[in-house]
Amino acid sequence: MEISESDAYNFSDSSSFTVEAWVKNDQSSGVDQNSIVAKIGGGGTSQGWDMGLNQSNQPQLLLGDGQVLADGQNRISIEGPDRLTTGEWYHLAAVVDRSTN
């Protein structure tokens with residue numbers, strides 16, 4: 001499914017937000033980044049957010065505000081501890097609470 005472009009999904013670096021989705025994993029491990037729902041900047045920028053699965057089928061949130069971090073990366077990556085089993089349904093949620101930094 002594709003949702004039309006909207007500034008409503010452009011969360012600033014001071015905006016808190018929650019993203020959630022019901023997903024059925026149909027990929028085996030090895031896919032670099034399997035996006036489920038995302039709002040990222042165009043032209044190779046790192047601004048935005050991307051909730052998906054990593055190469056190990058673990059839930060992952062990528063979050064960037066277009067700035068280079070102290071470690072040289074341009075976004076943070078947060079991964080869940082468990083791998084999603086192929087063929088099973090899961091409810092995933094990511095909460096970004098900017099009030100706590």
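These legends walk through a few views of a predicted model, starting with the whole protein and then moving in on S16 and strand β1.

**View 1. The whole protein is built from strands.** Welcome to the overview! The protein has 6 strands and 0 helices, so reading along the sequence gives the pattern β-β-β-β-β-β. Of its 101 residues, 26% count as buried. The protein exposes about 7,000 Å², and carbon and sulfur atoms supply 45% of that area. Among contacts with a separation of 6 or more, 50% come from residues 24 or more positions apart.

**View 2. S16 sits in the segment before β1.** Is S16 buried or exposed? Neither label fits: S16 is partly exposed, because its relative accessible area is 42% and the partly exposed range runs between 20% and 50%. Leaving aside residues up to four places away in sequence, S16 touches V96, D97, R98 and S99. Take S99 as an example: 83 residues separate S16 and S99 along the chain, yet their C-alpha atoms are 7.3 Å apart.

**View 3. The side chains of β1 take turns.** Follow the strand from residue 17 to 24. F17, V19, A21 and V23 point to one face and are buried. T18, E20, W22 and K24 point to the other face and are not buried. Why the zigzag? In a regular strand, side chains alternate between the two faces of the sheet.

**View 4. β1 pairs with β6.** Which way do these two strands run? Strands β1 and β6 are antiparallel, joined by 8 bridges, with β6 covering residues 89-96. Look for F17 in β1, which stands opposite V96 in β6. V96 is also one of the residues that S16 touches.

Notes. Residues numbered from 1 in each chain as written. Predicted model: local features only at pLDDT ≥ 70, side-chain atom pairs only at ≥ 80, totals over all residues. Heavy atoms only, no water. Helix = DSSP H or I, 4+ residues; strand = E, 2+ residues; numbered from the N terminus. Buried < 20%, exposed > 50% of the residue type's maximum accessible area, 1.4 Å probe, protein only. Contact = heavy atoms within 4.5 Å. Pairing = 2+ DSSP bridges. Areas by Shrake-Rupley, 256 points an atom, 1.4 Å probe, with all protein chains shown as cover.
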